[in-house]
Amino acid sequence: MNPSFIRHLNALKIFHAIRSNPGITQKSLTDLVGTDKTTTSSVVNSFHRAGLIERVRQTERSGAGRPSDGFAISPRGGLLVGVEIRGGHVMLIAAGLDGRPQTSLSLPMAEDQEGLGDQIANGLRGITIALGRELSEVRAVGLAAPGGVSIDGRVTEPMVSGLDRALKEMIEGAIGAPLYINNNSNGGALAELFFARGGQSDDFLYVETDAVNDGQGLGSGIIIGGALHRGSNGFAGELGHVKHPTHLPLRCVCGKFGCLCTLVADKWLLERSRIAGNEVASMEQLLDQASLEVPAALAVLHQAGTALGQAVGNFLNMLDVTEVVFGGSLVRLEPFLRDKLRHALFETTFRPIAEPLTVSFSRLGEAPLDGIAIALDGCTNDLERETAPWHGTKPIT
Ligand SMILES: [Zn+2]
């Protein structure tokens, strides 16, 4: 493996370990990340010189001897801004370099790309003023877009169309910070990696449905080797468009029939209920019925659980990762589809892959963290940029 890549990976793990465990000592860092003492010390010194972290006095001593200093992300280390497109609104969330949200702003979304660019640039100015900070302190902006996002930052149909590289150039020109655009399911996977796992997990599959836009979306994000796998074009993990044999003649938003999202995503659960003769007006009503064990409601949710389990099992047979996390709107469906989902998943997955497999539902909650996670990922991995936290620091060995 390329030595500079290993150095970067060590730096990244140590950075996320400090970010997730404010006050952590060098000894605990070494134990947690698995680097040797010299590497930990070299990385920590380098971060300290760059102003990314600060020393924190430990009040508790563990065992005999004087308490050792701990480290935390410096509040002056920089800002990250997440931009989320949610239900016709554009929401900006500012966070410290530790990823913890500090303030947010929500506006009705402009109709075209130029308007959106102005909204984001003006919103960034407003949000930094509200925090009493400078625009120059923004290290990265992450835009979580519902829909496919190509490697070069073009957002495809259907939910937000017409966004392309010009948006990136417009915003970067206006604010002087890099804009990273990614799909919201990839943002969800990165949020799991950074905020639920402290950046320490290597491989897992994240699967979510999206209720905040029009409820049609089912997507996934693939974390391999501690990093997001985007594929050659940027569209890896489009689980919603995997074809499933148990389908009704419902045309997916992609124009095709048989897509898995038409069995699992919120909008389609309502549609399928209606087709089966159970007129439900909202997901709340469907879930109320399911709580009362109305057979028609349970049938639709059980079918969704089985179809999702089968598709994810097939996906795992190709990927061979040891963990699957279900998030987004699937979390509130958990009580009604978990058993069918797990059964189908373990039935479908090749036994040696299934045996060590962990299946869980996300506990991150409703906080909009996708955009911040995309910003944090871009900022810590885009080494060409001078906004990268360790740009210009001495080579780390
Ligand atoms: Zn489709």
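Two residues are in contact if their C-beta atoms, placed from the backbone, lie within 7 Å. The legends below describe views of a predicted model.

**Figure 1. Overall view of the chain and its three assigned domains, domain 1, domain 2 and domain 3.** The chain is divided into domain 1 (3-73), domain 2 (79-186 + 369-381) and domain 3 (200-361). Between the centres of domain 1 and domain 3, taken over C-alpha atoms, the separation is 38 Å. The secondary structure amounts to 13 helices and 13 strands. With a radius of gyration of 22 Å, close to the 21 Å that the globule rule gives for 397 residues, the chain is as compact as a globular protein of that length. Along the principal axes, the C-alpha atoms fill a box of roughly 70 × 50 × 40 Å. Of the 397 residues in the chain, 44% are buried. Among contacts with a separation of 6 or more, 64% join residues 24 or more positions apart.

**Figure 2. Close-up of the largest nonpolar core and of Ala375.** This core has 105 residues, of which Leu80, Val81, Val141 and Ala375 touch the most other members. Helix 10 (residues 295-319) supplies the largest share of the core, 10 residues. In soluble globular proteins, nonpolar side chains tend to be buried together. When neighbours within four places in sequence are left aside, Ala375 is in contact with Leu80, Val81, Gly82, Ala140, Val141, Gly142 and Tyr180.

**Figure 3. Close-up of Gly378 in helix 13 (residues 370-381).** Gly378 has 23 other C-beta atoms within 10 Å and is therefore buried, the cut-off being 20 or more. Residues up to four places away in sequence not being counted, Gly378 touches Ala140, Gly142, Pro178 and Tyr180. The C-alpha atoms of Gly378 and Ile181 are separated by 9.2 Å, although these residues are 197 positions apart along the chain.

**Figure 4. Close-up of helix 4 (residues 113-130), with its buried and exposed faces.** The 18 residues of helix 4 should span 26 Å at 1.5 Å a residue, and the 25 Å between its end C-alpha atoms agrees with this expectation. Buried positions in helix 4 are Leu116, Gly117, Ile120, Gly123, Leu124, Ile127 and Thr128. Seen down the helix axis, these buried residues fall within an arc of 135°, so they line one face of helix 4. They pack against strand 4 (79-86), strand 5 (89-96), strand 6 (101-108), strand 7 (138-145) and helix 5 (165-175). On the face turned away from the buried side, helix 4 carries the exposed residues Glu114, Gly115 and Ile129. Gly132, which follows helix 4, has a positive phi near 70°.

**Figure 5. Close-up of helix 6 (residues 184-196) and of Gly198, just after the helix.** For the 13 residues of helix 6, the span expected at 1.5 Å a residue is 18 Å; the end C-alpha atoms are 17 Å apart, in agreement. Helix 6 is largely enclosed by the rest of the structure, because 12 of its 13 residues are buried. The buried residues of helix 6 are Asn184, Ser185, Asn186, Gly187, Gly188, Ala189, Leu190, Ala191, Glu192, Leu193, Phe194 and Phe195. Just after helix 6, Gly198 adopts a positive phi of about 60°.

Terms used
Residues are numbered from 1 along each chain as its sequence is written. This is a predicted model: local features need pLDDT of at least 70, side-chain atom pairs count only at pLDDT 80 or more; totals for chains, interfaces and linings use all residues. Helices (H or I, at least four residues) and strands (E, at least two) are DSSP runs, numbered from the N terminus. The expected span of a helix is 1.5 Å times one less than its number of residues. The arc is that of the directions from the helix axis to the C-beta atoms. A nonpolar core is a set of buried Ala, Val, Leu, Ile, Met, Phe, Trp, Tyr and Cys residues joined through C-beta atoms within 7 Å. Domain bounds come from an automatic or database domain assignment. The radius of gyration is taken over C-alpha atoms; the globule rule is 2.2 Å times the number of residues to the power 0.38.
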